[in-house]
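Here are my notes on the fold, point by point. Please read them with the structure open.

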Amino acid sequence: MPASPSTARAINDRLALRLLQQEGPLTAGQLKQLTGLSRPTVADLVERLTVAGLISVVGESGEQRRGPNARLYGIVADRAQLAALDVRTEGVTVVVADLLGAELTRASVPIADDAGTGPAVEQAVALVERAAKEAGAERLHTVGIGAPGLIDPATGELRDSSGLPEWHRRLVAALQERLPARVIVENETNLAALAEQRDGAARDRDTFVLLWLGHGTGAAVVLDGRLRRGASGGTGEIGFLPVPGTATLPSATDCEGGFHSLAGGAAIAELAAAHGLAATESPGEPRAAALVRTAVAAVSSASTASSAYTAFSSGPSDTDRFRYDRADRFLSALADRLAVGAASVVAVLDPGCVVLGGEVGQAGGEALAARVGERLARMSPLPAEVRAGTLGGGAVLRGALLTARESAQDDLFTPRPR
């Protein structure tokens, strides 16, 4: 059946708004060219969106003469303010942004293990309220939250998961009670995959798997452009994957003995210690990431010194060789471990691409990704490119902000019935 006039107007309005979001400010002529709509239709939608307070004149195009045709229209960024939270076991980070995703303020608060559920929740909620006030946001429209654990696909709520603080679940409810805002919660690894696909290592992929490597392990599965959560929201709980090389098997309540025992932060630190590696951590950086970063730097430095030896006959010192050998063996052993998990995922899903995400994946960079890729090619008959994540731990916060922005825009860009 043909669309009604009101439906056609709604479709045209959303198309124009999406173009303004993607391309930035545009003239009416540019909107006409990009949408393929007639000049009167574009003039009507510009008027509707302006009256609705969604777009405004933000300047003039230098390519045209002054006048109505030169006016540049852009989305009114302060029409709504958003917040994004990265909830970890040790603390919370929040970003407040405008409707286009531009960051207005950022803040963090550490939360001690013995803080107690009530005080921990109050610390986190107060952080969000202070950040919103600092950003000048009288009312947050949407809050996106990234947290470890399972999200119930039926309710969208964070499920009670063993090993995670109770205050995580209570925080979501508290924010819904205290803030006049829509609150959306998503698994942290899923949000990291969304961010890597939009802004990071998987921008050209609509099918890939992200292996989260930080304090813990996880995986996110994107197939044909869609994030897959599974029947119970547990897709990607790769820490529980039984693997060779561990002393025991995981249980329904404990991932010890699973892939987590090979690739979790503590396991990587133990592997580094066994190879005689030490590292100085940067503020907020997981120890495992610092160790991997140090190893990559040592290997890179030794390779540079070897190149200098070839060119200038002044080779690396014994100390450099010793550091290189330890770092090289550590990275090779770590790549062996990561390839075990990656091969299991590739054998089942055939994603064609595996992104090593999280702080460890970013610290390892191409040096670690290449080693994992070499081993994976020997282990699996299915081709799969291995890439290093580019957003690191910040991918969770970025993914939470993208989710909040899309939800707010879907709400604001949908015409209200008259």
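1. Start with the pair H1 and H12. H1 passes H12 in a right-handed crossing. H1 covers residues 5-23 and H12 covers residues 394-412. Their axes come within 11 Å and cross at roughly 150 degrees. Keep in mind that this is a predicted model.

2. Which residues make the contact between H1 and H12? On the H1 side they are Arg14, Arg18 and Gln21. On the H12 side they are Arg405, Gln409 and Asp410. Sorted by class, this contact has four charged residues, two polar and no nonpolar.

3. One salt bridge belongs to this pair of helices. Arginine 14 bridges to aspartate 410, and the closest N and O atoms are 3.2 Å apart. The two partners sit in distant parts of the chain, with arginine 14 in helix H1 and aspartate 410 in helix H12, 396 residues apart. The model has 19 salt bridges, counting a side-chain nitrogen of Lys or Arg within 4 Å of a carboxyl oxygen of Asp or Glu.

4. H1 also packs on H2, residues 28-35. The angle is about 110 degrees, and the axes are 11 Å apart. H1 is therefore roughly perpendicular to H2, given that 65 to 115 degrees counts as such. From H1, the contact takes in Leu15, Ala16, Leu19, Leu20 and Glu23. H2 contributes Leu31, Leu34 and Thr35. By class, the H1 contact with H2 has six nonpolar residues, one polar and one charged.

5. Next comes H2 against H3, residues 39-51. Here the angle is about 120 degrees, with the axes 9 Å apart. That angle makes H2 oblique to H3. The crossing is right-handed. Ala28, Leu31, Lys32 and Thr35 of H2 meet Arg39, Val42 and Val46 of H3. Four of these residues are nonpolar, one is polar and two are charged. Leu31 and Thr35 appear in the H1 contact and again in the H3 contact.

6. Now the sheets. One open sheet has five strands in the order S5-S4-S3-S6-S7, with mixed pairing. Why do S5 and S7 each have a side without a neighbour in the sheet? S5 (103-110) and S7 (182-187) stand at the edges, each with a single partner strand, so one side of each stays unpaired in the sheet. From one strand to the next, the twist averages 15 degrees.

7. Look at the S4 and S5 pair within that sheet. S4 spans residues 91-98 and pairs with S5 in the antiparallel sense, over seven bridges. For a landmark, take valine 95: its bridge partner in S5 is arginine 106.

8. A helix lies across this sheet's strands. H5 (residues 166-178) lies across S3 (81-88), S4, S6 (140-147) and S7. H5 runs at about 165 degrees to S3.

9. A further open sheet of five strands has the order S10-S9-S8-S11-S12, and its pairing is mixed. The edges are S10 (226-228) and S12 (385-388), each pairing on one side only. The twist averages 25 degrees from one strand to the next.

10. In that sheet, check S8 (residues 208-213) and S11 (residues 353-357). The two run parallel and are joined by four bridges. Leucine 210 has valine 355 in S11 as its bridge partner.

Notes:
Residues numbered from 1 in each chain as written. Predicted model: local features only at pLDDT ≥ 70, side-chain atom pairs only at ≥ 80, totals over all residues. Heavy atoms only, no water. Axes fitted to C-alpha atoms, helices over the stretch in contact; angles between N-to-C directions. Left-handed = near helix turned anticlockwise from the far one by under 90°. Contact = heavy atoms within 4.5 Å. Nonpolar A, V, L, I, M, F, W, Y, C, P; charged D, E, K, R; others polar. Pairing = 2+ DSSP bridges. Parallel < 35°, antiparallel > 145°, perpendicular 65-115°, else oblique.
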